[in-house]
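Colleague: I would like to learn how to read a model of this kind, one feature at a time. Could you give the general idea first and then the case at hand?

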Amino acid sequence: MGGCDSKEKEAPQKRQDKVMAGPRTASEQLRQVPAKSALKKSVVDGRAPLVVLDFDLTLTVVHCGRMKLDSEGVQRLGAGEIFDQPPGRLRSIRNFITDLYTELRATVIILTLNRVDVVATCLTMAGLNPYITEVIHCSPGRKGSKMRQLIEQYVPSLTIFADDDSRNIADVHAILPDITILHVEGSTGLQPAQMEWLYYAAKGDLATYTSLQGTV
């Protein structure tokens with residue numbers, strides 16, 4: 001498993017600056033379906049938040065699965081092409097994932113239709129593996145049922161799900177209508193403002209995110 005460079009925790013003002021720097025239009029892409037659980041504190045009675053992320057075109061900016069890349073193929077392509085478009089995005093992804101893990105004690109799981117070994121290789125190249133609890137392969141049309149199993153397994157304080165595929169969004173929402181869901185529209189993967197929104201959702205503090213956006 002690959003490590004990533006350690007980073008100092010940012011002061012609250014630094015985090016506010018990152019929020020304010022996000023594009024105003026990002027809020028139009030965010031779908032909260034309805035987030036009753038997001039009103040809770042991030043850690044309740046020792047239970048941590050559960051953050052489940054799709055891989056292709058959610059964490060990445062290319063679809064490794066559709067490109068039929070194996071582990072050697074993604075190594076040849078490189079972390080820059082897979083994650084870092086536009087330049088600086090990979091750093092944002094690292095900050096986002098490590099903040100979930102270190103600051104919120106979140107359980108972070110990758111739920112993917114892609115091969116586990118391919119995803120694990122990409123995460124290692126990006127320095128994200130130490131902060132990911134599991135990488136789980138899921139068959140098409142089964143993300144909703146798998147999400148329900150994960151909630152039963154981890155008994156989280158709250159649950160977040162993010163995916164670029166509207167079919168997966170609909171599948172999860174049909175089975176779990178009360179969790180917080182982000183539809184990552186388009187083919188650019190998660191962008192900094194969306195990562196910030198997810199962070200505050202996992203923290204159970206979307207009110208603060210909204211208030212900070214209002215100051216831009």
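**Cysteines and disulfides**

Modeller: Start with Cys122: its closest cysteine sulfur belongs to Cys64 and is 4.4 Å away, which is too far for a bond. This is a predicted model, in which local features need pLDDT of at least 70 and side-chain atom pairs count only at pLDDT 80 or more, while totals for chains, interfaces and linings use all residues. Residues are numbered from 1 along each chain as its sequence is written, and side-chain values use heavy atoms, with hydrogens and water left out.

Colleague: How many disulfides does the rule give?

Modeller: A disulfide is a covalent bond between the sulfur atoms of two cysteines. Here the term needs two cysteine sulfur atoms within 2.5 Å, and the count comes to zero. Seen from the other side, Cys64 has Cys122 as the closest cysteine sulfur, at 4.4 Å.

Colleague: Is Cys64 buried or exposed?

Modeller: Relative accessible area decides: buried is under 20%, exposed is over 50%, and partly exposed is in between, with a 1.4 Å probe and protein chains only. Cys64 is at 0% and so counts as buried. Cys122, also at 0%, is buried too. Over the chain of 216 residues, buried residues make up 51%.

Colleague: How many helices and strands does the chain have?

Modeller: Both are DSSP runs numbered from the N terminus: helices are H or I with at least four residues, strands are E with at least two. The chain has nine helices and five strands. From the N terminus on, the order is α-β-α-α-α-β-α-β-α-β-α-β-α-α.

Colleague: How do I read a pair of aromatic rings?

Modeller: Such a pair is described by the distance of the centres and the angle of the planes. Rings of Phe, Tyr and Trp (its six-membered ring) pair if their centres lie within 6.5 Å; planes under 30 degrees apart are stacked, over 60 edge-to-face, and the rest tilted. The whole structure holds four aromatic pairs. In one of them, Tyr101 and Tyr131 meet edge-to-face, 5.3 Å centre to centre with 75 degrees between the planes. Tyr101 belongs to helix α4 (residues 89-102) and Tyr131 to the loop between α5 (116-126) and β3 (134-137), so this pair ties together parts 30 residues apart in sequence. Tyr101 is partly exposed at 39% relative accessibility, and Tyr131 is buried at 14%. Tyr199 and Tyr200 form another edge-to-face pair, 5.4 Å centre to centre with 90 degrees between the planes. Both of these tyrosines are buried, and ring pairs link them with Tyr209 into a cluster.

Colleague: Which residues of α4 are buried?

Modeller: An α-helix has 3.6 residues a turn, so residues three or four places apart point the same way. The buried residues of α4 are Arg89, Leu90, Ile93, Asn95, Phe96, Ile97, Thr98, Asp99 and Leu100.

Colleague: Which residues touch the most other members of the largest nonpolar core?

Modeller: A nonpolar core is a set of buried Ala, Val, Leu, Ile, Met, Phe, Trp, Tyr and Cys residues joined through side-chain atoms within 4.5 Å. The largest one has 46 residues, and Leu53, Phe55, Phe83, Ile97, Leu100 and Leu198 touch the most other members. Elements that each supply at least two residues include β1 (50-53), α3 (79-83), α4 and α8 (192-203). The most comes from α8, with eight residues. A second, separate core has 14 residues, among them Ile109, Ile136, Ile169 and Ile181.

Colleague: What does Phe83 touch, leaving out residues up to four places away in sequence?

Modeller: Contact means heavy atoms within 4.5 Å. Phe83, in helix α3, is buried at 0% relative accessibility. Its contacts beyond that sequence window are Phe55, Leu59, Thr60, Val61, Arg89, Leu90, Cys122 and Ala126. With the same window left aside, Leu198 is in contact with Leu53, Phe96, Ile160, Ala162, Leu182 and Leu190.

Colleague: Where does His183 lie?

Modeller: His183 lies in strand β5 (residues 180-183) and is buried, with a relative accessible area of 8%. A polar atom of its side chain is 3.1 Å from the backbone oxygen of Asp164.

Notes. Polar contact = N/O pair within 3.5 Å; in protein donor to acceptor, adjacent residues only side chain to side chain.
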